[in-house]
Amino acid sequence: CPVVLAPKNSSVAMPPPADIVKVAIEWPGAFPKLMEIDQKKPLSSIIKEVCDGWSLANHDQFALQHADSSNFYITEKNRNEIKNGAILRLTTSPAQNAQQLHERIQSSSMDAKLEALKDLANYSRDVTFAQEFINLDGISLLTQMVESGTERYQKLQKIMKPCFGDMLSFTLTAFVELMDHGIVSWDTFSVAFIKKIASYVNKFASDISILQRSLAILESMVLNSHDLYQKVAQEITIGQLIPHLQGTDQEIQTYTIAVINALFLKAPDDKRQEMANILAQKQLRSIILSHVIRAQRAINNEMAHQLYVLQVLTFNLLEDRMMTKMDPQDQAQRDIIFELRRIAFDAESEPNNSSGSMEKRKSMYTRDYKKLGFINHVNPAMDFTQTPPGMLALDNMLYFAKHHQDAYIRIVLENSSREDKHECPFGRSSIELTKMLCEILKVGELPSETCNDFHPMFFTHDRSFEEFFCICIQLLNKTWKEMRATSEDFNKVMQVVKEQIMRALTTKPSSLDQFKSKLQNLSYTEILKIRQSERMNQEDFQSRPILELKEKIQPEILELIKQQRLNRLVEGTCFRKLNSRRRQDKFWYCRLSPNHKVLHYGDLEESPQGEVPHDSLQDKLPVADIKAVVTGKDCPHMKEKGALKQNKEVLELAFSILYDSSGQLNFIAPDKHEYCVWTDGLNALLGKDMLSDLTRNDLDTLLSMEIKLRLLDLENIQIPDAPPPIPKEPSNYDFVYDCN
């Protein structure tokens, strides 16, 4: 029976509880050992103490690991994460384990090999083990197994197909996990390996796990290496990827679109249009619309992000035309302007051979170009020399004239029958509108890593940008009439039209027709009502006396917000634990002590129903020890680059507390509101400004309410911009009573 180590009786005072952690340690075939770990002692001496208790020699070949599903090794770096009551396991050291697994996965026994690969896939999630396995050239071994695997076991496949599928799945999983740690460069892989991974996208389409990992590997290769992009682009075709979008597994669809996006993003400029043409031939848009956007299930955040990226990359194809100036000497480009004139005024055209036709035609063309609303009536080509929108505006105008001919002719003729100052200039409007739409859709900008703001309506038409323009140019003409605008009001009309478009887009219409009907409900009158209601909260309070009153009140309001944030921290919040890129249903709770001096935190088995008392949370962090609070990409737990990129979902909710030399407490807030509350509260504790969107909104709301309350007695009284003048000094002071 092993000796159980217990703390020795001593008259010397025990170390503070923060340095002592009570744990249970397991060893196969023995009763668990209860012991206290002194966090100040080196880890090697603690392992030696445990080994001595079980009479185990060579203590340097052993290590401690968490006995939960993670099996992560405990190191000097992460030992602070050990909690009171944790169950640990004495096991072989990472180096020994890596060596053993390196040998086991090369076993001639299929069963032994399969079991070893399964263990490797599990252990590879731990960066400590991963480093040791990579040091043994483990990744090269895995790639060799993948490259030669199908040939070596071709005969076995017929007999042991399930076993072979599992073996390959575990091999690829281990590879993905090892590469996720960012220790090895992606530039080192051979063409044979890439060919093999690409072949799995077709060969193992029915095996979800192999397909998923193969797609993830291809995406990472394309994004992380220019050389690998070229090799992958030669091996995988869009035609091979399309069928995976037609299935029902949203995860596979997400990985598939991610690979398409990666190929699109890394393609050279001259190849992008070619790739877009292939996507159009393969009807990618309509497949995504029917099998993803209109499928009978909710779109998760990662899928929404990939659709947003595809939308941005598609619109970015317009950048070339947007930045191309018109060449007034180019006859083909000038013919487009002639075509616009011909479609609008065909009935009025005269035969070319009429007497004096050249002069007549010149003056007629000038008159028609004026009716078409160009700024330069003599040579309209000069209107298209500004970039943006360059030639894209002319493309849009021609599309509108050809595909919505009746609406085009109606707009042009309607305006040419008005007084000069009241006509809505079609040419000038189209150019400015195209420029505005490019700004709204951020044409030419790279996609954001965190945004998932895709618009379903842009997936409903092959020429969605042009159709978008056609709807908006008709809206502009309608708004012009509603505003009874003159040429001097051009910029005001454009501002109203932009507001109408932006408000309609925020409702995320599912089709272009729905977008059009949303705009019908956002007439100029409706915009005025909306502006008026918003102005009640904003513009009425812009006079100098009110602004001075705001400045005086603002510190009180900020103090109120600060107290609210600190009170919320005292209540505490339950946070979800995230491990690598897998969501774990494990929770931990953190709250501030009522005296605002200490953060109490600890693990929970399940999400709590109410508040958790601070005395039930085992771990403490004095506020005085906090060195800094960092957010987003600056957080230690957000710096690892995962192949499946699910960190994007949580990047905006991540923040960390840094303390001591290397101590850190990493958070993923449950939602944006909690993120703002905690970052504000922590900044307030450190004496820094609260900078979140929530604070800005709260400040605006509370200031507005306080101002309104103070001005209740002044209702319907005009507040002057300047104080009243000081009256003249009286001629004498006889009216003053001298108290003395």
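Visitor: Is Cys424 buried or exposed?

Guide: Keep in mind that we're looking at a predicted model. The idea is to check the relative accessible area, where anything under 20% counts as buried. Cys424 comes out at 5%, so this cysteine is buried.

Visitor: And what relative accessibility does Cys590 have?

Guide: Cys590 sits at 0%, so the buried label applies there as well.

Visitor: How many disulfides are there?

Guide: For that you look for cysteine sulfur atoms within 2.5 Å of each other. Going by that rule, the count is zero.

Visitor: Let's try a polar residue. Where does Thr479 sit?

Guide: Thr479 belongs to helix 22, which covers residues 464-482. With a relative accessible area of 0%, Thr479 is buried because the cut-off is under 20%.

Visitor: Which side chain does the side chain of Thr479 make a polar contact with?

Guide: For a polar contact, look for a suitable pair of N or O atoms within 3.5 Å. Here the partner is the side chain of Gln500, at 2.9 Å.

Visitor: Which residues is Thr479 in contact with, leaving aside neighbours within four places in sequence?

Guide: Gln500 turns up again, along with Val496 and Val497.

Visitor: Now zoom out. How many helices and strands does the protein chain have?

Guide: You'll find 29 helices and eleven strands. Out of 740 residues, 46% count as buried. Take the contacts between residues at least 6 apart in sequence: 68% of them join residues at least 24 apart.

Visitor: What about the surface, how much does the protein chain expose?

Guide: About 38,700 Å², with carbon and sulfur atoms supplying 50% of that area.

Technical notes:
Residues are numbered from 1 along each chain as its sequence is written. This is a predicted model: local features need pLDDT of at least 70, side-chain atom pairs count only at pLDDT 80 or more; totals for chains, interfaces and linings use all residues. Side-chain values use heavy atoms; hydrogens and water are left out. Buried means under 20% relative accessible area, exposed over 50%, partly exposed in between (1.4 Å probe, protein chains only). Helices (H or I, at least four residues) and strands (E, at least two) are DSSP runs, numbered from the N terminus. A polar contact is a pair of N or O atoms within 3.5 Å; within protein, one must be able to donate a hydrogen and the other to accept it, and residues adjacent in sequence count only if both atoms are side-chain atoms. Contact means heavy atoms within 4.5 Å. Accessible areas come from the Shrake-Rupley method with a 1.4 Å probe; for residues, only the protein chains shown count as cover.
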